[in-house]
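Colleague: I've got this one open on my screen. Can you walk me through it, confidence and packing included?

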Amino acid sequence: MPTNDNTPDHNRQELTYLAVPFPKAPPKPPRLAALRERLRDWWNRAWDVDGVLYEMWDDILSAPEDGLRHMAPWLRAVLMTAGFAFVALMAKAAGEVVLQTLHQLLTAVPKVQVGVDTSSGVASVVDQPVRTYIAQHAAGLPVAASTVYTLWLLTGITGLVLGYLSRNNGVRAMWTAWGAATVFMVWTATPQAGRPIAAGLTVLAWTFLSAFAMRGLTLRRRVVAGRPAKVTVKPEIHVPVQPPAPAAEQHLHSSCPFRD
């Protein structure tokens, strides 16, 4: 029996409609690759004839011929900055070595104690009271009494030597303050019975040494003689001279009754 196409056939499978795939967008290049490409382009442009790196390299090559005065400003600034940094580092290293050596010298001296006989003779009249005074008053300091005593000696020797050689007023003021402090320490630390004699001997010794430390010092006022004024002659200044009058004009003036 023939079948009718218009009648639905339950056995026939219906067609299913599938989704049409859309074309995918092209993948974007990664950011790192784009950045690398930009850097490569900048590098190539910088090394062109008029590029930044090309001109800087040309300045470096021409620096030995141009010298420090005529070289490129940026190169001179770099060299000066590097030089200052090198000098600062060397000064810092040298300062640390000097301070360490000075610390070793100051701490290597024997300890200063009260009333210890470390000197004899006339020098002990000044030295013993100074040691005793420093030992009594250096208890609360962050440095040892021996360090203070060594600094006291170095200050006196420096003021004596530099005052004799340089004749500087600042060094002389330091020597004066050192002597006054020494007299005060001797007067304070010496027993009451011998204070006048000890202070007097200290002043005499300090006065004798001041003849060398104060060499060239005078209380007279210097009078500077006035220098004669300098007369400057300028040859470019000319005084005009009037030419003599003719003979007829001279005769006319000579007959004038009002002429002197």
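Modeller: Sure, and one term up front: contact here means heavy atoms within 4.5 Å. Keep in mind that this is a predicted model.

Colleague: Then confidence goes at the top of my list: what is the mean pLDDT of the protein?

Modeller: Look at the spread of residues as well as the average. 65% of the residues reach 70 or more. The mean pLDDT of the protein comes out at 75.

Colleague: Which element has the lowest mean pLDDT?

Modeller: At the other end of the scale sits helix H6 (residues 169-189), with the highest mean, 91. Where pLDDT is low, the predicted coordinates should not be read in detail. The element to treat that way has a mean of 51, and that's helix H8 (residues 247-254).

Colleague: Okay, let's look at Thr182. Is Thr182 buried or exposed?

Modeller: Thr182 belongs to helix H6. Buried means under 20% relative accessible area. Thr182 has 4%, so Thr182 is buried.

Colleague: Which residues does Thr182 touch, leaving out those up to four places away in sequence?

Modeller: With that sequence filter on, the helix H6 residue still has partners. Thr182 touches Val126, Val130, Trp152 and Thr202.

Colleague: And Ile197, buried or exposed?

Modeller: Ile197 is part of helix H7 (residues 195-213). The cut-off for exposed is over 50%. Ile197 has 59% relative accessibility, so Ile197 counts as exposed.

Colleague: How far apart are the C-alpha atoms of Ile197 and Val125?

Modeller: Along the chain, Ile197 and Val125 are 72 residues apart. In space, their C-alpha atoms are separated by 9.0 Å.

Colleague: On to charges: how many salt bridges are there?

Modeller: Side chains of opposite charge can pair when their charged atoms come close. The rule wants a side-chain nitrogen of Lys or Arg within 4 Å of a carboxyl oxygen of Asp or Glu. Glu37 and Arg40 pair up at 2.7 Å, N to O, and Asp127 and Arg131 do so at 2.7 Å. The count is two.

Colleague: Where do Glu37 and Arg40 lie?

Modeller: Glu37 has 39% relative accessibility, so Glu37 is partly exposed. Arg40 is partly exposed too, at 40%. They are three residues apart, about one turn, and both lie in helix H1 (residues 31-46).

Colleague: Last one: are Asp127 and Arg131 buried or exposed?

Modeller: Both lie in helix H4 (residues 123-137), four residues apart, about one turn of the helix. As for accessibility, Asp127 and Arg131 are both buried.

How values were computed:
Residues numbered from 1 in each chain as written. Predicted model: local features only at pLDDT ≥ 70, side-chain atom pairs only at ≥ 80, totals over all residues. Heavy atoms only, no water. pLDDT = per-residue confidence, 0-100. Helix = DSSP H or I, 4+ residues; strand = E, 2+ residues; numbered from the N terminus. Buried < 20%, exposed > 50% of the residue type's maximum accessible area, 1.4 Å probe, protein only.
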